[in-house]
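Student: Could you take me through this structure one feature at a time, giving the general idea before the particular case?

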Amino acid sequence: MTSYLLETIRSKFPDDILETHAFRGDETVLLKKEALLKAAAFLKDDLGFDFLMDLTAADYLPREPRFELVCHFYSSKHNYRLRLKCPVGADDPKVDSLTPLWAGANWFEREAYDMYGIKFEGHPDLRRILMYDGFEGHPLRKDYPLKQRQPRIPHRG
Amino acid sequence: MGLETIFGHSYLTTRLDAAVNWGRKYSFFQYPFVTACCGMEYMSVFASAYDIARFGAEYPRFSPRQADVLFVVGTVNEKLAPVLKRVYDQMCEPKWVVSFGVCATSGGFYDNYATVQGIDKIIPVDIYIPGCPPRPEAILDALIKLQEKVSKESVLDRKYK
Ligand code: SF4
């Protein structure tokens, strides 16, 4: 299937795009994580994507690269949506932060860090956002033990 | 109450129990510790259709220091547990705790890294209300059960040492 949007991105970053697909108008670009920031800047500055709707991650253990960062963009000018995904390896879970481009990425990235342990380079304040200080590990990782609890105060007997 | 230290278990203190318990059970001031969806049901018990005031439990107090009954309404997670404990510790005796809905009672279906598997892991509970959320009738039933429980207590009891 040809899509103007996917073609534009593919021809702009021919070496960084791993895959593109479209399903019933849902367009997705899979790209290398090194290219995430410049692709996002291109979307914002040249293609009119003015809204970062969501940024999250997924854990595909035991696949390698294990994580996938998922960003959803929306253009209110063109009423158009696009999903960017990039694989992130477990040994070096670092990605460039989108916060310099969209301030709204700040808390999304803190959540992805809190839940999956993905580090966002260039983030102004990368702390846990949901779990408390002293919590160890990242609970949405598939290898986080299902029954592990980390109480803040001792439980009654 | 002072008297019991002089008289111990005697006619005087049993009569005193009857009077004190009668007063206590028909004038519960509650502290609603509302964290989740069960709160809607809690509100409806207060509204005119179910009207919990008919049972003397008229007044939600938003200071734990003025409350007798702690209603824990909704999901409590590990992050919140110290707050719940502190609210409970701030209440003056005599005090009672009602666990409202399955989340507060057992964690409900949230068997995960974040959720306390029942508030009785944090504080003692007197009455548990099952349901997700419980119907208002179940809450009135729980209140009546709590009244029955209170009417059997003695001023000599030292529940919380
Ligand atoms: S018991 Fe059900 S209604 Fe009540 S807080 Fe839990 S999920 Fe919500």
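Tutor: We shall go through the fold of chain A, its core, its salt bridges and then the interface with chain B. This is a predicted model, in which local features need pLDDT of at least 70 and side-chain atom pairs count only at pLDDT 80 or more, whereas totals for chains, interfaces and linings use all residues. Residues are numbered from 1 along each chain as its sequence is written, chains are lettered from A and ligands numbered from 1 in the order in which they are written, and side-chain values use heavy atoms, with hydrogens and water left out.

Student: How many helices and strands does chain A have?

Tutor: Helices (H or I, at least four residues) and strands (E, at least two) are DSSP runs, numbered from the N terminus. Chain A has three helices and seven strands, and from the N terminus on they follow the order α-β-β-α-β-β-β-β-α-β. The C-alpha trace of chain A spans about 65 × 30 × 30 Å along its principal axes.

Student: Which residues have the most contacts inside the largest nonpolar core?

Tutor: In soluble globular proteins, nonpolar side chains tend to be buried together. A nonpolar core is here a set of buried Ala, Val, Leu, Ile, Met, Phe, Trp, Tyr and Cys residues joined through side-chain atoms within 4.5 Å, where buried means under 20% relative accessible area, exposed over 50% and partly exposed in between (1.4 Å probe, protein chains only). The largest such core has 41 residues, and those with the most contacts inside it are A:Ile9, A:Leu69, A:Phe73 and A:Leu84. Its largest share, five residues, comes from H2 of chain A. If we leave aside neighbours within four places in sequence, A:Leu84 is in contact (heavy atoms within 4.5 Å) with residues including A:Val29, A:Leu43 and A:Phe73.

Student: Why does the salt bridge between A:Lys38 and A:Asp16 tie together parts that are apart in sequence?

Tutor: A salt bridge is a side-chain nitrogen of Lys or Arg within 4 Å of a carboxyl oxygen of Asp or Glu. The side chains of A:Lys38 and A:Asp16 meet in one at 3.1 Å, N to O. A:Lys38 lies in helix H2 of chain A and A:Asp16 in the loop between H1 and strand E1 (17–23), so the pair joins parts that are 22 residues apart in sequence. A:Lys38 is partly exposed, at 45% relative accessible area, whereas A:Asp16 is buried, at 14%.

Student: Which residues are linked in a network of salt bridges?

Tutor: A:Asp59, A:Arg66 and A:Asp143 are linked in such a network. Within it, the closest N and O atoms of A:Arg66 and A:Asp143 are 3.1 Å apart. A:Arg66 is buried, with a relative accessible area of 6%, while A:Asp143, at 44%, counts as partly exposed.

Student: How many residues of chain B are in contact with chain A?

Tutor: The size of an interface is often given as the accessible area lost when the parts come together. In this model, 16 residues of chain B are in contact with 19 residues of chain A, and the buried area (accessible area, 1.4 Å probe, that two parts lose on being put together, summed over both) is about 1400 Å², of which carbon and sulfur atoms give 55%. On the side of chain B, B:Glu78, B:Lys79 and B:Tyr113 lose the most area to chain A, together 52% of what that side buries. The rule finds two salt bridges across this interface, and A:Lys147 and B:Asp111 meet in a salt bridge at 2.6 Å, N to O.
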